[in-house]
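Open your viewer and keep the sequence panel beside it. We will hop from one selection to the next.

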Amino acid sequence: MQKSPSPSSFPLRIGAVERDLPLFAVRPDLAIAVLNILGDTELCEAAADALAKSLAGYDFVALVTAEAKSIPLAYALSLRVRKPYVVLRKNYKSYMGEALQAVTLSITTGKEQTLYLDAKDRHLLQGRQVVIVDDVISTGSTLEAMRSLMQEAQAGIAAVATICTEGTPPSLAEPLLSLAHLPLFPLGQA
């Protein structure tokens, strides 16, 4: 009996925008559909339109995202909701002052990375509500690091907004606003 070929992509539709996301092996037994929004203005605009509508009833002062893939989404969304966005950086620079930091584990690289909240941004967020923005929420590791930084900065989280959840999304205390879901793709052993 011949095995049927495994899929090489997964279809995604956000509003009127359609993409075939390539599958990428992150472990010998597991592949994920890769959503890379860098340079995909059409998809970022469609996602920002939809997420802005979802955020209409929320009270917050800023959007917060991690460097780097979600920056175009945070920018497009900030234009629609007319709020600033804050980028949690992956490298510390001296001009960031007394930055706060949290460590996370990336599902795509499998490596630890540190996120930094710039001192100037910390003052903007302190004692206020924010919306966390990410392109994909999977294991929740990056989200947990962002949540930790918000707690340390004494900022509340009004909601979490994402283009896609992936696999089994983590349980959250705040509302999770997602536009689509990406399954995980087990890879068979030959």
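**Stop 1: V160.** Select V160 first. This residue is buried, with a relative accessible area of 1%. Anything under 20% counts as buried. The model you are looking at is predicted. V160 sits in strand β9.

Now show what surrounds V160. Which residues is V160 in contact with, leaving aside neighbours within four places in sequence? They are I132, I137, L143, L172, E174, P175, L176 and L177. Next, add S178 to the selection. V160 and S178 are 18 residues apart along the chain. Their C-alpha atoms are separated by 8.4 Å.

**Stop 2: helix α4.** One contact of V160, L143, leads to the next stop. L143 is among the buried residues of α4. Select residues 141–152 to see the whole of helix α4. The helix has twelve residues. From first C-alpha to last, α4 reaches 17 Å, close to the 16 Å expected at 1.5 Å a residue.

Colour the buried residues of α4: T142, L143, A145, M146, R147, L149 and M150. Look at how they are placed around the helix. An α-helix has 3.6 residues a turn, so residues three or four places apart point the same way.

**Stop 3: Q154.** Step just past the end of α4. There you meet Q154, in the loop between α4 and β9. Is Q154 buried or exposed? At 52% relative accessibility, Q154 counts as exposed; the cut-off for exposed is over 50%. Check the backbone here too. Q154 has a positive phi of about 60 degrees, although it is not a glycine. Most residues other than glycine have a negative phi.

**Stop 4: I37.** Jump to I37, in the loop between β3 (30–33) and α1. I37 is in a loop, yet it counts as buried, at 0% relative accessibility.

What does I37 touch, not counting residues up to four places away in sequence? Its contacts are L43, C44, K69, S70, P72, L73, D135 and I163. For a sense of distance, select M150 as well. I37 and M150 are 113 residues apart in sequence. In space they are 25 Å apart, C-alpha to C-alpha.

**Stop 5: helix α1.** Two contacts of I37, L43 and C44, are among the buried residues of α1. Select residues 41–54 to show helix α1. This helix has 14 residues. Its span is 20 Å from first C-alpha to last, close to the 20 Å expected at 1.5 Å a residue.

Colour L43, C44, A46, A47, A48, L51 and A52, which are buried in α1. What covers them? The cover includes β1 (9–14), β2 (17–27), α2 (71–81), β9 (156–166) and β10 (176–182). β9 is the strand that holds V160, from the start of the tour.

**Stop 6: A68, then helix α2.** Select E67 and A68 together. The peptide bond from E67 to A68 is cis, with omega near 10 degrees. Most peptide bonds are trans. A68 lies in the loop between β4 (62–66) and α2.

Move on into α2. Its buried residues are L73, A74, A76, L77, S78 and V81. L73 is one of the residues that I37 touches. What covers the buried residues of α2 includes α1, β4, β5, β8 (129–137) and β9.

**Stop 7: R82.** Go to R82, which follows α2. R82 lies in the loop between α2 and β5 (85–88). At 75% relative accessibility, R82 counts as exposed. Its phi is near 55 degrees, a positive value in a residue other than glycine. Compare Q154, just after α4, with a positive phi of about 60 degrees.

**Stop 8: the whole chain.** Clear the selection and zoom out. How many helices and strands are there in the protein chain? There are four helices and eleven strands. The radius of gyration is 17 Å, close to the 16 Å that the globule rule gives for 190 residues, so the chain is as compact as a globular protein of that length. The C-alpha trace spans about 65 × 35 × 30 Å along its principal axes.

Now colour by burial. Of the 190 residues, 45% count as buried. Turn on contacts next. Among contacts with a separation of 6 or more, 59% come from residues 24 or more positions apart.

Finish with the surface and the charges. The protein chain exposes about 10,000 Å², with carbon and sulfur atoms supplying 51% of it. There are 17 positive and 19 negative side chains. The centres of these two sets lie 2 Å apart.

Definitions and conventions: Residues are numbered from 1 along each chain as its sequence is written. This is a predicted model: local features need pLDDT of at least 70, side-chain atom pairs count only at pLDDT 80 or more; totals for chains, interfaces and linings use all residues. Side-chain values use heavy atoms; hydrogens and water are left out. The radius of gyration is taken over C-alpha atoms; the globule rule is 2.2 Å times the number of residues to the power 0.38. Buried means under 20% relative accessible area, exposed over 50%, partly exposed in between (1.4 Å probe, protein chains only). Contact means heavy atoms within 4.5 Å. Accessible areas come from the Shrake-Rupley method with a 1.4 Å probe; for residues, only the protein chains shown count as cover. Lys and Arg count as positive and Asp and Glu as negative; His and the chain ends are not counted. The place of a charge is taken as NZ of Lys, CZ of Arg, CG of Asp or CD of Glu. The expected span of a helix is 1.5 Å times one less than its number of residues.
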